[in-house]
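I opened my notebook to go through this structure step by step. Here is what I looked up.

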Amino acid sequence: MGRLLEEESNNHNGSHPIDPLARLDINKGFTFTEVSSIRASRGKVISCDFSPDGKLLASGGHDKEVALWYTDTLEPKARIQEHSSLITDLRFSRRMSRFATSSFDKTVRVWDADNPSYSLHTLVGHCSMTMALDFHPNNEDLLCSCDSDSEIRYWSINNGSCLSVFKGGDSNVRFQPRHGKSLAAAAEDSVSILDVETQACLLTLQGHLRPVYSVCWDPSGEFLATVSEDSVKVWTLGSGSKGDCVYELSCSGNKFHSCVFHPRYPSVLVVACYQSLELWNVIENKTMTIQAHESLVSTLAASTLTGMIASASHDKFVKLWK
């Protein structure tokens, strides 16, 4: 458990460029406690995500299995293995009972969360390792994925066909929340903001000195956090924005790997590191370190409905925090 020190100052006058992240007054601090821990895998856990209602948590990684858990009891709902290589990413649809997985086996598989005994579709077309995927927030039929050769594919979920192919991301892709007009795609040390309909590059976010591992939108879709080993940057991408970097956290020896905006305290970014989580108050630029795992924390997920955060690690465990 920890308490963030000296949260947003009382004299904050509302003129800060990241105001939408400061709507919640947290100047009394907050607690951050490990709620539960699951040995989720026989190998390194690489990915996890909550269902939209927060009642299910899915995880996947080196053992090639998808594990589905009930978050209230931590009882397993299902364990299934269809991928022939490690699972790189896992995402739930925000609008229907579906989740999808990507894998080094070059495929994407779509699953029914209510009946996950077998995959509904196997999406084949990538010629190299599939690294990440995401569901469009509004278009129930649209899924995107990227591979290690920087190829992005749009897929129709209903019929399992590829809709379009273009270049832009080799490590992570995430649709802008709410309206889904933009797609953030990380490739090497930069992030492209692409128009979802035309695939045109609207902005290129540059400034990282090392490859970008992860990107994460805030729920409003106006800010994007990008993570490389040595830094975390927050960019403003609201209407008329030129993609300015408004906050930056440099690594002080604890390598960064992923991040998520806290579902209850929007001005706090939770950053996954080696063995620990970094709680970063972006307004005050103050951090607190929480010891979390025995190995690299590979990814984070957040549930806006329950306020829960999940951390997945190479130590084979998934932990829940609140």
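**Entry 1: Arg153.** I began with a charged side chain. Is Arg153 buried or exposed? The model is predicted, and in it Arg153 has a relative accessible area of 13%. The cut-off for buried is under 20%, so Arg153 counts as buried. I then looked up where Arg153 sits: in strand β14, residues 151-156. Next I checked its distance to His126. The two are 27 residues apart in sequence. In space, their C-alpha atoms are 8.0 Å apart.

**Entry 2: β4 and its partner.** I moved to strand β4, residues 45-50. How many of its residues are buried? I found 6 of 6, and I noted the strand as mostly covered. β4 is joined to strand β5, residues 56-61, by 5 bridges. The two strands run antiparallel. I picked out two facing pairs. Asp49 stands opposite Ala58 in β5. Ser47 has Gly60 in β5 as its bridge partner. Between the two strands of this hairpin lie 5 residues. In the hairpin, Gly54 takes a positive phi near 75°.

**Entry 3: the sheet around β4.** Which order do the strands follow here? I wrote down β4-β5-β6-β7, an open sheet of 4 strands with antiparallel pairing. β4 and β7 (76-80) are the edge strands, and each pairs on one side only. On average, neighbouring strands of this sheet are turned by 15° against each other, direction ignored.

**Entry 4: another open sheet.** I looked up a sheet with the order β16-β17-β18-β19. It is open, has 4 strands and pairs antiparallel. Why is one side of β16 and of β19 left without a neighbour in the sheet? β16 (172-175) and β19 (201-206) stand at the edges, and each has a single partner strand, so one side stays free of a neighbour in the sheet. Here, too, I noted an average turn of 15° between neighbouring strands, direction ignored. Inside the sheet, 6 bridges join β17 (182-187) to β18 (190-195). Ala184 stands opposite Ile193 in β18.

**Entry 5: a pocket.** I turned to the second largest pocket. Its volume is about 170 Å³. Its lining includes Gln176, Pro177, Arg178, His179 and Lys181. Among the other lining residues are Ser220, Glu222 and Leu237. How do the lining residues divide? I listed 2 nonpolar, 6 polar and 3 charged.

**Entry 6: the largest nonpolar core.** This core has 30 residues. Which of them touch the most other members? I found Leu269 and Leu277. The elements that give two or more residues are β21 (223-228), β22 (231-236), β23 (244-250), β24 (256-261), β25 (268-281) and β26 (286-302). β25 gives the largest share, 8 residues.

**Entry 7: positive phi values.** Most residues other than glycine have a negative phi. I looked for exceptions. Asn285 has a positive phi of about 55°, although it is not a glycine. Asn285 lies in the loop between β25 and β26. At 46% relative accessibility, Asn285 is partly exposed. Lys316 is another residue other than glycine with a positive phi, near 80°. I placed Lys316 in the loop between β27 (309-313) and β28 (317-321). Its relative accessible area is 27%, so Lys316 counts as partly exposed.

Conventions. Residues are numbered from 1 along each chain as its sequence is written. This is a predicted model: local features need pLDDT of at least 70, side-chain atom pairs count only at pLDDT 80 or more; totals for chains, interfaces and linings use all residues. Side-chain values use heavy atoms; hydrogens and water are left out. Buried means under 20% relative accessible area, exposed over 50%, partly exposed in between (1.4 Å probe, protein chains only). Two strands pair if DSSP finds at least two bridges between them. Axes are lines fitted to C-alpha atoms, for helices over the stretch in contact, and angles run from 0 to 180 degrees between N-to-C directions. On a 1 Å grid over the protein atoms alone, a cavity is a set of points where a 1.4 Å probe fits but cannot get out, and a pocket is an open set with protein on both sides within 12 Å along at least five of seven lines; lining residues have an atom within 4 Å of a point. Grid points are joined across faces, edges and corners, and a volume is the space filled by probe spheres set on the points. Ala, Val, Leu, Ile, Met, Phe, Trp, Tyr, Cys and Pro count as nonpolar, Asp, Glu, Lys and Arg as charged, and the others, Gly among them, as polar. A nonpolar core is a set of buried Ala, Val, Leu, Ile, Met, Phe, Trp, Tyr and Cys residues joined through side-chain atoms within 4.5 Å.
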